[in-house]
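Subject: Structure handover

Hello,

Here is the structure you are taking over, with notes on what was found in it. Please read the notes with the model open beside them.

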Amino acid sequence: MTRTTRATLALQQAGVSFTVHSYEYDPNAERIGLQAAEAMGADPSCVLKTLMVLVDNKPACVILPSDQEVNLKKLASALGGKAAQMMKPTDAERITGYHVGGISPFGQKKRVPTVLEQSAFNHTSVFINGGQRGLQVKLDPRAAASVLEATVAGVV
(Lines give C-alpha, C1' and ligand atoms only; values in the text may rest on other atoms or scores of the structure.)
Protein backbone atom coordinates (compact mmCIF):
# COMPACT_ATOMS: atom_id res chain seq x y z
CA MET A 1 0.00 0.00 0.00
CA THR A 2 1.31 3.40 -0.94
CA ARG A 3 1.21 6.03 1.78
CA THR A 4 1.19 8.85 -0.77
CA THR A 5 -2.18 9.67 -2.34
CA ARG A 6 -3.82 12.71 -3.86
CA ALA A 7 -5.18 13.39 -0.35
CA THR A 8 -1.79 13.34 1.38
CA LEU A 9 -0.27 15.43 -1.42
CA ALA A 10 -3.07 17.99 -1.09
CA LEU A 11 -2.44 18.23 2.66
CA GLN A 12 1.31 18.61 2.13
CA GLN A 13 0.78 21.32 -0.47
CA ALA A 14 -1.54 23.15 1.94
CA GLY A 15 1.14 22.99 4.65
CA VAL A 16 -1.08 20.95 7.00
CA SER A 17 0.58 18.90 9.72
CA PHE A 18 -0.68 15.29 9.69
CA THR A 19 0.39 11.71 10.27
CA VAL A 20 -0.50 8.69 8.13
CA HIS A 21 -1.97 5.53 9.68
CA SER A 22 -2.79 2.29 7.91
CA TYR A 23 -5.02 -0.52 9.05
CA GLU A 24 -6.39 -3.80 7.72
CA TYR A 25 -9.37 -2.78 5.58
CA ASP A 26 -12.32 -5.20 5.65
CA PRO A 27 -14.32 -4.91 2.41
CA ASN A 28 -17.15 -6.91 4.02
CA ALA A 29 -17.57 -4.62 7.02
CA GLU A 30 -21.13 -3.41 7.51
CA ARG A 31 -19.92 0.03 8.62
CA ILE A 32 -16.51 0.91 7.20
CA GLY A 33 -15.80 3.81 9.57
CA LEU A 34 -16.49 1.73 12.66
CA GLN A 35 -14.33 -1.07 11.29
CA ALA A 36 -11.49 1.44 10.75
CA ALA A 37 -11.83 2.71 14.33
CA GLU A 38 -11.77 -0.81 15.72
CA ALA A 39 -8.81 -1.87 13.56
CA MET A 40 -6.80 1.16 14.73
CA GLY A 41 -7.92 0.92 18.35
CA ALA A 42 -9.34 4.45 18.16
CA ASP A 43 -12.45 6.06 19.64
CA PRO A 44 -15.14 5.92 16.89
CA SER A 45 -16.12 9.52 17.64
CA CYS A 46 -12.70 10.74 16.45
CA VAL A 47 -12.57 8.50 13.35
CA LEU A 48 -14.55 10.51 10.82
CA LYS A 49 -16.28 9.11 7.77
CA THR A 50 -16.55 10.94 4.46
CA LEU A 51 -19.90 10.71 2.70
CA MET A 52 -20.80 12.07 -0.70
CA VAL A 53 -24.29 13.52 -1.00
CA LEU A 54 -26.51 15.54 -3.29
CA VAL A 55 -27.97 18.77 -1.90
CA ASP A 56 -30.67 20.08 -4.22
CA ASN A 57 -29.15 17.69 -6.81
CA LYS A 58 -25.68 19.27 -6.52
CA PRO A 59 -22.71 17.22 -5.19
CA ALA A 60 -21.44 17.90 -1.69
CA CYS A 61 -19.35 16.18 0.95
CA VAL A 62 -20.08 15.65 4.64
CA ILE A 63 -17.58 14.50 7.27
CA LEU A 64 -18.89 13.12 10.55
CA PRO A 65 -17.98 10.69 13.34
CA SER A 66 -18.07 7.06 12.24
CA ASP A 67 -20.47 6.19 15.07
CA GLN A 68 -23.09 8.75 13.99
CA GLU A 69 -25.62 9.05 11.16
CA VAL A 70 -26.08 12.18 9.06
CA ASN A 71 -29.37 14.05 9.38
CA LEU A 72 -30.10 14.92 5.74
CA LYS A 73 -32.44 17.82 6.62
CA LYS A 74 -29.81 19.45 8.84
CA LEU A 75 -27.18 18.86 6.14
CA ALA A 76 -29.31 20.48 3.42
CA SER A 77 -29.98 23.44 5.71
CA ALA A 78 -26.26 23.84 6.54
CA LEU A 79 -25.56 24.27 2.81
CA GLY A 80 -28.55 26.53 2.19
CA GLY A 81 -30.50 23.81 0.40
CA LYS A 82 -33.94 22.30 0.70
CA ALA A 83 -33.22 18.56 0.38
CA ALA A 84 -30.29 16.16 0.58
CA GLN A 85 -29.82 12.53 -0.36
CA MET A 86 -26.96 10.07 -0.45
CA MET A 87 -25.03 9.96 -3.71
CA LYS A 88 -24.87 6.70 -5.66
CA PRO A 89 -21.49 4.98 -5.09
CA THR A 90 -20.61 5.05 -8.82
CA ASP A 91 -21.27 8.82 -8.94
CA ALA A 92 -19.24 9.35 -5.75
CA GLU A 93 -16.29 7.50 -7.28
CA ARG A 94 -16.54 9.44 -10.56
CA ILE A 95 -16.73 12.85 -8.87
CA THR A 96 -14.03 12.24 -6.24
CA GLY A 97 -11.64 10.02 -8.17
CA TYR A 98 -11.52 7.68 -5.16
CA HIS A 99 -13.01 4.22 -4.57
CA VAL A 100 -15.82 3.79 -2.04
CA GLY A 101 -14.16 2.87 1.26
CA GLY A 102 -11.24 5.12 0.35
CA ILE A 103 -13.00 8.42 -0.34
CA SER A 104 -11.16 11.34 1.21
CA PRO A 105 -12.40 14.93 1.32
CA PHE A 106 -8.85 16.01 0.47
CA GLY A 107 -7.59 15.99 -3.12
CA GLN A 108 -10.89 15.16 -4.77
CA LYS A 109 -11.00 15.53 -8.56
CA LYS A 110 -13.74 18.14 -8.26
CA ARG A 111 -13.97 20.51 -5.31
CA VAL A 112 -17.45 20.43 -3.79
CA PRO A 113 -19.05 22.19 -0.81
CA THR A 114 -18.07 20.36 2.37
CA VAL A 115 -19.66 20.21 5.82
CA LEU A 116 -17.70 19.11 8.89
CA GLU A 117 -19.80 17.94 11.84
CA GLN A 118 -19.15 20.36 14.70
CA SER A 119 -18.57 17.59 17.26
CA ALA A 120 -15.23 16.90 15.52
CA PHE A 121 -13.98 19.97 17.40
CA ASN A 122 -14.42 18.07 20.69
CA HIS A 123 -11.12 16.36 19.79
CA THR A 124 -7.62 17.78 19.41
CA SER A 125 -7.04 15.40 16.50
CA VAL A 126 -9.23 13.25 14.27
CA PHE A 127 -8.74 10.52 11.69
CA ILE A 128 -10.05 11.14 8.16
CA ASN A 129 -9.68 8.86 5.15
CA GLY A 130 -6.36 9.39 3.40
CA GLY A 131 -7.59 8.57 -0.10
CA GLN A 132 -7.17 4.82 -0.08
CA ARG A 133 -8.89 1.86 1.57
CA GLY A 134 -7.05 1.13 4.81
CA LEU A 135 -5.36 4.54 5.02
CA GLN A 136 -6.21 7.34 7.45
CA VAL A 137 -4.65 10.73 8.12
CA LYS A 138 -4.62 12.10 11.66
CA LEU A 139 -4.84 15.87 11.97
CA ASP A 140 -6.33 18.78 13.88
CA PRO A 141 -10.01 19.14 12.91
CA ARG A 142 -9.49 22.92 12.66
CA ALA A 143 -6.79 22.38 10.03
CA ALA A 144 -9.12 20.03 8.14
CA ALA A 145 -11.95 22.59 8.21
CA SER A 146 -9.60 25.33 7.07
CA VAL A 147 -7.99 23.49 4.14
CA LEU A 148 -11.40 22.23 2.96
CA GLU A 149 -13.06 25.63 3.50
CA ALA A 150 -15.73 23.53 5.21
CA THR A 151 -18.94 24.73 6.74
CA VAL A 152 -18.97 23.60 10.38
CA ALA A 153 -22.43 22.61 11.54
CA GLY A 154 -24.38 20.10 13.61
CA VAL A 155 -25.58 17.58 11.04
CA VAL A 156 -26.06 14.37 13.06
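**The sheet**

Three strands form an open sheet in the order S1-S7-S6, and their pairing is antiparallel. S1 and S6 are the edge strands, each of them pairing on one side only. From one strand to the next, the twist averages 35°. Please keep in mind that this is a predicted model.

S1 and S7 run antiparallel and are joined by four bridges. On this side of the sheet, Val20 stands opposite Val137 of S7.

On the other side, strand S6 (residues 126-132) pairs with S7 over five bridges, again in the antiparallel sense. Two of the partners can be named here. Asn129 has Gln136 in S7 as its bridge partner, and Phe127 has Lys138 in S7. S6 and S7 form a hairpin with two residues between the strands, where Gly134 takes a positive phi near 85°.

Is strand S7 largely enclosed by the rest of the structure or not, and why? Strand S7 covers residues 135-139, and four of its five residues are buried, so the strand is largely enclosed by the rest of the structure. Buried here means a relative accessible area under 20%.

**Salt bridges**

How many salt bridges does a search of the whole structure find? The search finds four. Three of them are described below, including one that links distant parts of the chain.

The side chains of Glu69 and Arg31 meet at 2.9 Å, N to O. Glu69 sits in the loop between strand S3 (58-65) and helix H3 (72-78), while Arg31 sits in the loop between strand S1 (19-22) and helix H2 (32-40); the two are 38 residues apart. Glu69 is exposed, because its relative accessible area is 51% and the cut-off for exposed is over 50%. Arg31 has a relative accessible area of 34% and is partly exposed.

Asp91 and Arg94 form a salt bridge through their side chains, at 3.3 Å, N to O. Both belong to helix H4 (residues 89-96), where they are three residues apart, so about one helical turn separates them. Asp91 is partly exposed, with a relative accessible area of 26%.

Asp140 and Arg142 also meet in a salt bridge between their side chains, at 3.4 Å, N to O. Asp140 counts as partly exposed, at 31% relative accessibility. Arg142 is partly exposed as well, and its relative accessible area is 43%.

Which residues do salt bridges with shared partners join into one network? They are Arg31, Lys49 and Glu69.

**Aromatic rings**

The count of aromatic pairs comes to zero, where a pair needs ring centres within 6.5 Å. There is a charge over a ring, however: Arg6 lies over the face of Tyr98, at 4.3 Å from the ring centre.

**Where to start**

If you want a short route through the model, begin with S7, which pairs with S1 and with S6. Then go to Arg31, which meets Glu69 in a salt bridge and belongs to the network with Lys49. After that, look at Asp91 and Arg94 in helix H4, and finish at Tyr98, with Arg6 over its face.

Regards

Definitions and conventions
Residues are numbered from 1 along each chain as its sequence is written. This is a predicted model: local features need pLDDT of at least 70, side-chain atom pairs count only at pLDDT 80 or more; totals for chains, interfaces and linings use all residues. Side-chain values use heavy atoms; hydrogens and water are left out. Buried means under 20% relative accessible area, exposed over 50%, partly exposed in between (1.4 Å probe, protein chains only). Two strands pair if DSSP finds at least two bridges between them. Rings of Phe, Tyr and Trp (its six-membered ring) pair if their centres lie within 6.5 Å; planes under 30 degrees apart count as stacked, over 60 as edge-to-face and the rest as tilted. A charge sits over a ring if NZ of Lys or CZ of Arg is within 6 Å of the ring centre and within 35 degrees of the ring normal. Axes are lines fitted to C-alpha atoms, for helices over the stretch in contact, and angles run from 0 to 180 degrees between N-to-C directions.
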